[in-house]
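Trainee: I am new to this structure and would like a close look at how the helices are set against each other and at what surrounds the ligand. Could you take me through that part slowly?

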Amino acid sequence: MKIGIEAINFYTSHYYIDLKCLAEDRNVPFSKFYHGIGQEKMAAPPPDEDVITLAANAAFAAIQSVDTKKIDTVIFATESGIDQSKSGGIYVHHLLQLGKNCRVFEVKQACYSAAAGIQLSVPYLTLYPDRKVLLIASDIARYGIGSAGEPTQGAGAVAMVLSAQPNIVAFDKDSGIFTEDVMDFWRPNYRDEALVDGKFSIKMYIKALIESWQQFSERSGRGFADFYRFCYHLPFSRMGEKAHIHLAKYAGKEEYSNEFMMSQIIDTLYYNKIIGNTYAASMYIGLLSLLENSDEDLAGKRIGFFSYGSGCVGEFFSGEVLPGYQKFLAPEQHTKFLNNRTEISYEKYKEFFTYSIPEVDGDHRTPKNETGLFRFAGISEHKRIYQGLL
Ligand code: COA
């Protein structure tokens with residue numbers, strides 16, 4: 001029996017800034033961002049867009065061709081949740097009008113949590129092949145105005161329906177896992193922006209990759225050459241390149257040229273370069289970028305996935321692309337959607353970024369912007385109000 005992705009879709013903010021604006025403001029050459037970290041544009045969510053509206057917009061399209069009565073589990077993966085107690089998934093469950101016989105919960109471990117969602121869903125669906133899991137990863141990456149991490153912000157969500165009737169990717173059984181208690185990136189409850197030791201986080205990412213790979217290859221018997229393409233967690237696209245070069249070297253592939261190694265990951269980077277970091281969602285936006293931009297038919301090809309969440313947990317796992325997967329994707333709509341976004345100035349981005357909701361009780365309405373089919377309309381009596389615009 002195959003378990004994997006039956007349907008998948010992503011969504012990002014309608015607004016973005018070109019990192020040339022940020023470079024100009026900092027008086028640094030824009031090539032530092034375009035080439036040094038490999039990022040060109042950065043999604044900038046307005047005040048009425050949050051992880052719930054991003055998630056609902058991503059999931060709405062993903063479930064259109066699915067028998068939603070069979071979804072009995074919604075897993076909401078995020079590290080930028082909107083409540084310390086209630087799962088963001090319940091708001092999305094309501095907005096999508098899913099059935100009441102459903103368990104809904106939130107998972108957190110920095111950018112890793114959606115991979116945990118997959119690893120827990122595969123054995124669950126093997127036991128209950130008539131059911132489906134809606135796994136949503138949704139995040140807004142915030143490091144702060146003027147910080148080194150600022151050019152690696154972004155926002156977006158991915159929704160995947162996982163089931164025993166996969167159309168797109170079927171996951172393999174084995175994975176390799178690594179955990180170590182480190183402070184490379186964290187966000188205390190009292191802060192809206194993450195704290196990060198950027199260079200250390202890159203080191204830990206690479207360490208977790210090698211350790212996870214080691215266990216994966218021992219358990220699965222698979223080697224580097226068994227993979228046609230690799231999808232990495234992408235906090236910025238150069239990180240995917242660095243990771244891939246390290247892994248190839250560790251796996252004894254010194255003979256591989258840079259050009260060949262790039263061909264194994266280049267298609268995964270396009271969307272991320274113009275959206276920015278989407279934390280838990282980034283690797284799956286990379287998967288969609290690969291499947292929707294590859295010139296080749298990838299059916300039957302094996303993909304290696306490496307998910308990393310600071311703090312830290314890493315996991316290497318794999319899957320096979322299924323025949324006819326193209327019929328279940330929407331590359332034209334995604335290209336149109338990305339091209340039709342609105343570019344905003346650095347000043348406008350700062351206005352969006354610094355907008356804050358008063359903590360006092362009372363009615364608060366958020367200013368109206370473009371947010372797709374759903375919007376965060378405001379707060380009343382400390383309760384968040386969402387509107388479906390269908
Ligand atoms: N043209 C081209 N490249 C340039 C350049 C220019 N004008 N100026 C600098 N660069 C290159 C640097 O050589 C460096 O390349 P390298 O990584 O191959 O050495 C790269 O751009 C980044 O420059 P650097 O000065 O090291 O960056 P920084 O101090 O601004 O910080 C991060 C970069 C990624 C550490 C920072 O953005 C950050 O903390 N991000 C958040 C944390 C994160 O994403 N962690 C990843 C693991 S989860």
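Mentor: In this predicted model, the axes of helix H3, which spans residues 51-62, and helix H4 come within 9 Å of each other and cross at roughly 45°. An angle from 35 to 65 degrees is neither roughly parallel nor roughly perpendicular, so H3 is oblique to H4. As for the hand of this crossing, H3 passes H4 in a right-handed way.

If you follow the chain on from H4, which covers residues 88-95, you enter the loop that leads to strand S5 (103-107), and this loop is where Gln97 is found. Gln97 is not a glycine, and yet its phi is positive, at about 55°.

A second pair of helices can be described in the same terms, and this pair takes us to the ligand. H6 and H7 pack with their axes 10 Å apart and at an angle of about 40°, and they are therefore oblique to each other; their crossing is right-handed. Both helices also take part in the shell around the ligand, since helix H6 (198-220), helix H7 (237-250) and helix H2 (31-36) each supply at least two of its residues.

Which residues come nearest to the ligand, out of the 19 around it? They are Ser31, Lys32, Ala148, Ser201 and Lys242. Looking at the shell by residue type, you will find 8 nonpolar, 7 polar and 4 charged residues.

Some individual atom pairs are worth finding in the view. The side chain of Ser31 places a polar atom 3.1 Å from a nitrogen atom of the ligand, while Lys32 has a side-chain N or O atom 2.9 Å from an oxygen atom of the ligand. Thr152 also belongs in this picture, with an N or O atom of its side chain 3.3 Å from a ligand nitrogen atom. Taken on its own, the ligand has 980 Å² of accessible area, and the protein covers 69% of that.

One more detail of the backbone deserves a look, in the loop between strand S12 (302-309) and strand S13 (313-321), where Cys312 has its place. The peptide bond that joins Gly311 and Cys312 is cis, with an omega of about 0°.

Technical notes: Residues are numbered from 1 along each chain as its sequence is written. This is a predicted model: local features need pLDDT of at least 70, side-chain atom pairs count only at pLDDT 80 or more; totals for chains, interfaces and linings use all residues. Side-chain values use heavy atoms; hydrogens and water are left out. A residue is near a molecule or strand if one of its heavy atoms lies within 4 Å of it. A polar contact is a pair of N or O atoms within 3.5 Å; within protein, one must be able to donate a hydrogen and the other to accept it, and residues adjacent in sequence count only if both atoms are side-chain atoms. Accessible areas come from the Shrake-Rupley method with a 1.4 Å probe; for residues, only the protein chains shown count as cover. Helices (H or I, at least four residues) and strands (E, at least two) are DSSP runs, numbered from the N terminus. Ala, Val, Leu, Ile, Met, Phe, Trp, Tyr, Cys and Pro count as nonpolar, Asp, Glu, Lys and Arg as charged, and the others, Gly among them, as polar. Axes are lines fitted to C-alpha atoms, for helices over the stretch in contact, and angles run from 0 to 180 degrees between N-to-C directions. Angles under 35 degrees count as roughly parallel, over 145 as roughly antiparallel, 65 to 115 as roughly perpendicular and the rest as oblique. A crossing is left-handed if the near helix is turned anticlockwise from the far one by less than a right angle, and right-handed if clockwise.
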